Amino acid sequence: MRATRRRHGAAAATGAGPGLRLPATLLGPYGSGRAGERAWRTGGGIRDRAGGGPGSGAPCPAAGTDDTDDHAAPHMPLPAGNGARPGPPRAETGRATGQSLANTAAGLRGDGAQPQAAHGTLHRRPAGDPAGARGGRHFRARAWGGPGVRSVSASGPVEAPAGRAPGAPLAPRTPRTPRTPRRAVLAAWLRRALWLVALTLTGGVSRRGRLPRGGCVVVANHSSHADTAALLAALDARHAPLIGAAADYWFARPGRRRVCRWLAAGFPVRRTGGGLGDLLGTAGELRAGRAVVLFPEGTRGKDGGLGEFRRGALLLAEQAGVPVVPVGLAGTDRLLPKHGRLRPALVQVRIGEPLRGPVSPERARAAVAELAGEAAARPERDSALRRRTAAVVASRRGLPLAFAWAFAEALSWPLMPELFLAVACAAAPRAALRLSLAALAGTLAGGLLALHLAASGAHLPAPLTTPRMHAEAAAQIGVEGARAVAHQPWNGVPFKVYAAAAGRARVAPGDFAVEAGVARSGRTVSVGLAFAALGVVGRRLRRFYAVYLGLLGGGFAVGLGLIVTGWN
């Protein structure tokens, strides 16, 4: 009985006799039942005991599956186009479907047989012709036979794609290179603009060098919290820099964590164990073209010294296959000292050449030290005249000088206090607010004295004024009273003319002081702050302070002449 069963099973498997029913998994795409068995036996599925390749009983895989593309013979070229449909052979091909793949391969090799359509072929239309409008039906024969098996169509064999021989293997697909997300690049541009403006207002930032294309690990000296702002302002935003920050300081509290992530693109790095794993987690960002900024010292240095470098940043660069870029910083320790307050200072950033291959801590430290020394060795060029002016106005003599200038102008002095503020605030921007308030106080005090003297009948000299100015001020005072002084900051009539007209019109000193304070404060303080901002923005041009004074004097003379001529 057991021998009979083995004989019947073999006959069924080889298609030599009726045998047993074939399982559905073996029939594959031919369908179930006797019709599927008949198609399987007549279509080349009969087992070939000698070969074991084509005709071994396994149905041809469908197009687009892993079996077709990954396990088929490597010499089989793929025809161009799309629209393949798996399925059994069709009668419309005009060829017999009982031909085995081995015979089909022989016909394709040119052995004298007419090219036949093989069992298990694919019905394929040309690319861009989903409806078959071009009239040609293309079939693809896939076989495990000789290297001559190629794609065939109704019109005959089709040559292999240009650039590859018929027997050459398929070229492997190139893996897609990861790219930096656009949102990260946009956020980097916004951060760079923010810190550029902030550092410009606090002394300016100077950069030399550029980062290489692609991802890189940036290593820099660390002496201040301002180092992060300087690097974000100096590095290219297309690299979308990430800043490694101490997890025990910047990520210990929710407020600091938000500031570090939003304003500095920071990620936590543990300093008490596990920090190397935190660093290696950014290897994918490096391969995508981003820059990872790390401070190998691990903490802020003291007295501008450079501490010992740790290996974490260098191991990260080696693991990700990216270069190490040394960067030297100078001026951040003066801008924001450790445990100190913010004060204006020029920040200089020097970007060195990338270090490729395995980089030792000593080599990286030497490169950073050289760049930092180069940045610190180039002091800011300044003007001796500006330094002397700033020393005077920023000292105890500055406030009395501003008060006296404005007081004299409110009585008889022809040069307005805004000219003094333009000279002093551009030289010493930090003293701009208090100098402006001192000038405002001098203007009000001088105006009250001029009002009192005019009310008593005294007539003070008023150079560079015209009779029309006096007539206009008297007319406005007569109609509006003390509120008429609100026109003074914008019509070009000196303040001393309004003070004298108010005294002759017997305006109450208290009302005049209040209205004059409201009218003059906006102009005086805004002018002082505007020239202070000019001094900060033009910090790198301080050596031209003498030229600035010459242009300022010439412009003031021209403007005053035009005003006097207009009121003459």
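Trainee: Is Ala 240 buried or exposed?

Mentor: This is a predicted model, so read every value as computed from it. Ala 240 sits in the loop between helix 7 (226–234) and strand 7 (242–246). Its phi is positive, about 45°, although Ala 240 is not a glycine. Buried means under 20% relative accessible area. Ala 240 has 0% relative accessibility, so the term for it is buried.

Trainee: Is His 339 buried or exposed?

Mentor: His 339 also lies in a loop, the one between helix 13 (332–335) and strand 11 (347–351). Its phi is near 60°, a positive value in a residue other than glycine. The cut-off for exposed is over 50%. With a relative accessible area of 74%, His 339 is exposed.

Trainee: How many helices and strands does the chain have, to set the scene?

Mentor: Start with the burial. Of the 568 residues in the chain, 43% are buried. The chain exposes about 29700 Å², and carbon and sulfur atoms supply 58% of that. The secondary structure comes to 23 helices and 11 strands.

Trainee: What share of the contacts with a separation of 6 or more comes from residues 24 or more positions apart?

Mentor: One example of residues far apart in sequence is Gly 209 and Val 349, which are 140 residues apart. In space their C-alpha atoms are 8.5 Å apart. Across the chain, the share of those contacts from residues 24 or more positions apart is 71%.

Trainee: Which residue pairs with Arg 207 in a salt bridge?

Mentor: Side chains of opposite charge can pair when their charged atoms come close. Here the closest N and O atoms are 3.1 Å apart, and the partner of Arg 207 is Asp 236. The pair links strand 5, which holds Arg 207, to the loop between helix 7 and strand 7, which holds Asp 236. Arg 207 is partly exposed at 30%, while the buried partner, at 4%, is Asp 236.

Trainee: Which residues are linked with Arg 207 in a network of salt bridges?

Mentor: A search of the whole structure finds 9 salt bridges. One of them joins Arg 207 to Asp 236. The network links Arg 207 with Arg 210, Asp 236 and Arg 238.

Trainee: Which residue meets Arg 523 in a salt bridge?

Mentor: The N to O distance is 3.1 Å, and the partner is Glu 418. Arg 523 lies in helix 22 and Glu 418 in helix 17, so the pair ties together parts that are 105 residues apart in sequence. Arg 523 is buried, and so is its partner, Glu 418.

Trainee: How many residues apart are Glu 418 and Arg 520?

Mentor: The side chains of Glu 418 and Arg 520 meet in a salt bridge at 3.3 Å, N to O. Glu 418 is in helix 17 (residues 417–427) and Arg 520 in helix 22 (residues 509–537), and their separation is 102 residues.

Trainee: Which residues is Thr 443 in contact with, leaving aside its neighbours within four places in sequence?

Mentor: Thr 443 is found in helix 18 (residues 432–455). Its relative accessible area is 0%, so Thr 443 is buried. Its contacts are Ala 406, Phe 407, Ala 410, Pro 417, Phe 495 and Arg 520.

Trainee: Which elements do the buried residues of helix 12 pack against?

Mentor: Helix 12 (residues 312–320) has Gly 312, Ala 313, Leu 314, Leu 316, Ala 317 and Ala 320 as its buried residues. After the helix comes Gly 321, with a positive phi near 70°. The buried residues pack against strand 6 (216–220), helix 10 (275–280), helix 11 (283–287), strand 9 (291–294), strand 10 (324–330) and helix 14 (361–376).

Trainee: Which helix gives the most to the nonpolar patch?

Mentor: The patch is formed by Leu 194, Val 259, Trp 262 and Leu 263, with about 400 Å² of accessible area together. Leu 194 is found in helix 6 (residues 182–201). At 40% relative accessibility, Leu 194 is partly exposed. The most, 3 residues, comes from helix 9.

Trainee: Which residues gather in the patch of positive charge on the surface?

Mentor: One member, Arg 208, lies in strand 5 (residues 205–208). Arg 208 is partly exposed, at 40%. The patch gathers Arg 208, Arg 378, Arg 381, Arg 540 and Arg 543.

Technical notes
Residues are numbered from 1 along each chain as its sequence is written. This is a predicted model: local features need pLDDT of at least 70, side-chain atom pairs count only at pLDDT 80 or more; totals for chains, interfaces and linings use all residues. Side-chain values use heavy atoms; hydrogens and water are left out. Patches are made of residues with over 30% relative accessible area and no salt bridge: like charges are joined within 9 Å, nonpolar side chains (Val, Leu, Ile, Met, Phe, Trp, Tyr) within 5 Å. Accessible areas come from the Shrake-Rupley method with a 1.4 Å probe; for residues, only the protein chains shown count as cover. A salt bridge is a side-chain nitrogen of Lys or Arg within 4 Å of a carboxyl oxygen of Asp or Glu. Lys and Arg count as positive and Asp and Glu as negative; His and the chain ends are not counted. The place of a charge is taken as NZ of Lys, CZ of Arg, CG of Asp or CD of Glu. Helices (H or I, at least four residues) and strands (E, at least two) are DSSP runs, numbered from the N terminus. Buried means under 20% relative accessible area, exposed over 50%, partly exposed in between (1.4 Å probe, protein chains only). Contact means heavy atoms within 4.5 Å.
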